[in-house]
Amino acid sequence: MEKKKTGVCPVAGKCGGCRYTDTPYKKQLKIKQERVENLLKEYGRVKSIIGMEEPAHYRNKVHAVFAFQKGKGVVSGIYQEKSHRVVAVEGCLLENGKAGEIIGSVRELAKSFKIKAYDEDSGYGLLRHVLVRVGHATGEIMVVLVLGSPILPSKKNFIRELCKLHPEITTILINVNNKKTSMVLGDREQVIYGKGYIEDVLCGKRFKISAKSFYQVNAVQTETLYRKAAQYAKLTGKETVVDAYCGIGTIGLSVAERAKKVIGVELNKDAVRDAVVNAKSNGAKNVDFYQNDAGRFLTQMAEAGEKVDVVFMDPPRSGSKKEFLDALIRISPKRIVYISCEPETLARDLQYLTKNSGYRMEEATPVDMFPFTEGIESIVLLSKLHTKQNIEVELEMSEMDLTAAESKATYEEIKDYVLEHTGLKVSSLYIAQVKQKCGIIERANYNLPKSEKSRQPKCSLEKELLIEDALRHFKMI
Ligand code: SAH
C-alpha cells in the first residue's frame, strides 16, 4: 500500500521557516522568478533565476532555542511562527546536518548535566539558545551557547563531552543574554574553547567569522552571487570601489585584485574588525574598512567630493535609506551593483534611483540563496544613462555576429534557461544551429566550419527541442 504523503518535514505546518517543503524545486524557482519579474520588469531585463543543484541542507548557520516541555524535559527547536512557543525540531531540511547533530548533542548533554532550559517569562533557568556556524570549505565549526547568566556549571566536563561527540568542533563560546528580547545574542561573550571564531574560504579568499558578524548562510550560492557581482562590476584594475554594507568584507575583498582601491563600510563593529583582519590575512593592501552608517559615510564622501567608479551595495532587508540613495546619486558612480535579499525594498529603491537620477537598470538576476523558503536574493546592475558605460553589454565573441533580429536573449541566457529547466548543457554552436533553423540568424556565415572538410558537431534532436523551448520562452520564435 502506498504511504500517505506527509511532506518532507514533520513540523512544516508549525515552524514557518519553510514555505515550499512540498513544492518541487523547479516550481519553487518558477515562483521566485515570477515574483522578481513582476516587481522589476518595469525597470529592465530580468534573467533566469540561478538555482542550486542540491538545494537541501544549505544553511551553514543554524540556531535553536531551548525550552522545558512537560514529559519531554529540555527540547530544542524553533519558535512557532509569530509566537514564542517552541516547536521541537529533530532534523531540518535547510540546515547543515552536522550542525543539527551538534544541537541534538547539546540538548542531550544539558539533560545529563541537569542544566535547565531558560524560561523567557520568569527568567529562570540557564540554557537559552545555541548557535552553530560551519565553515563550508574549511569544515571549522563554532558553537555558541547562549545562557541567561554567565556561569556554565561543570563547564570543563561539558566541553570535553561535547568535543568527544563532535571532534570537528573547533571553537565554543558562551554568550550571555538575560534580556527580554527576540535577539538571539547578547552583548557579553566569552571564549571557552578554541580561537573564538571560525574561518571559511570564499572565492579563493580566507575569511574570519565571529559569532556576531553577518556571513551569508548559503556558501555555495554566495560564490555564484559574488561571481555575478564581479561580472556586473566590470572592473579593470583602475576603479575606486565602495563596498557598502560590507559585513566582514567578503565582496570587496573578492574583487580587490581587480580594483585600484576598495572602501568598505559597515555598521557592526565585530564585522568591521573581522573585515580588517581579513584584508590583512588575504594580503589586500588597497582595501580600507570603516565602521559607520553607510548613508552617513557616503554623504561624507559626497561632501568631500570623492570620486567613485563602482558601488556595491548589499543592504539588509529593509533596503537603503533615502540618505544613502541621495548620496549615491551625488557621488554618481558609473555602475551600481545592488545585491538585495528583499525584492520589494529593492524595487522601491530602484524606483528612487531610476526616477531621481540618470540611472537605468541594465539587468537583474535572481539567485536562489534560500531554497524551500520564500527568501529571494537578487543582484542588479545599474548604469548611468548617457554615458558610454550604458551600452557596455557583455558580449561573447560568438555573439558578435548577432543581428537585430535576434537581440532578445543572449546565448548565456539561453544556456542558463536550458540548464535550469533540464539540467542539460548546450553549446553556443548548438544554439546558433537551432536559431539558424528557426530563421532568426540572418548572417549565413555564422560559425561556419573553418574549411569545407572540417566537421562540426551537430545538435541532437533532444537538445534542439530544448533550445527551441528556450527560444519560445524568450519570445524569439
Ligand atoms: N555584504 C555582506 C553583508 C551583507 S548583510 C555579505 O555579503 O556578507 C547586510 C550588512 O549590512 C550587515 O552586515 C549589517 O550589519 C549591515 N548594516 C545594516 N545596517 C547598516 C547601516 N545603516 N550602515 C552600514 N551597514 C549596515
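**Exercise 1.** Which ligand atom does a polar side-chain atom of Glu266 lie 2.6 Å from? Then list the other polar contacts given here and describe the ligand's surroundings.

*Solution.*

Step 1. The structure is a predicted model. In this model, the partner of the Glu266 side chain is an oxygen atom of the ligand, at 2.6 Å.

Step 2. Turn to the nitrogen side of the ligand. An N or O atom in the side chain of Asp293 is 2.8 Å from a ligand nitrogen atom. Ala294 uses its backbone instead: an N or O atom there lies 2.8 Å from a nitrogen atom of the ligand.

Step 3. Consider the cover. On its own the ligand has 570 Å² of accessible area, and the protein covers 87% of that.

Step 4. Consider the shell. There are 16 residues around the ligand, and those that come nearest are Tyr226, Glu266, Asp293, Ala294 and Asp314. Sorted by class, the shell has eight nonpolar, five polar and three charged residues.

**Exercise 2.** Determine how helices α11 and α12 are oriented to each other, and which residues join them.

*Solution.*

Step 1. Locate the helices: α11 spans residues 411-422 and α12 spans residues 428-437. Their axes come within 10 Å and cross at roughly 100°.

Step 2. Classify the angle. Values of 65 to 115 degrees count as roughly perpendicular, so α11 is roughly perpendicular to α12.

Step 3. List the contact residues. From α11 come Tyr411, Ile414 and Lys415, and they meet Ser428, Ile431, Ala432 and Lys435 of α12.

Step 4. Sort them by class. The contact has four nonpolar residues, one polar and two charged.

Conventions. Residues are numbered from 1 along each chain as its sequence is written. This is a predicted model: local features need pLDDT of at least 70, side-chain atom pairs count only at pLDDT 80 or more; totals for chains, interfaces and linings use all residues. Side-chain values use heavy atoms; hydrogens and water are left out. Axes are lines fitted to C-alpha atoms, for helices over the stretch in contact, and angles run from 0 to 180 degrees between N-to-C directions. Helices (H or I, at least four residues) and strands (E, at least two) are DSSP runs, numbered from the N terminus. Angles under 35 degrees count as roughly parallel, over 145 as roughly antiparallel, 65 to 115 as roughly perpendicular and the rest as oblique. Contact means heavy atoms within 4.5 Å. Ala, Val, Leu, Ile, Met, Phe, Trp, Tyr, Cys and Pro count as nonpolar, Asp, Glu, Lys and Arg as charged, and the others, Gly among them, as polar. A residue is near a molecule or strand if one of its heavy atoms lies within 4 Å of it. A polar contact is a pair of N or O atoms within 3.5 Å; within protein, one must be able to donate a hydrogen and the other to accept it, and residues adjacent in sequence count only if both atoms are side-chain atoms. Accessible areas come from the Shrake-Rupley method with a 1.4 Å probe; for residues, only the protein chains shown count as cover.
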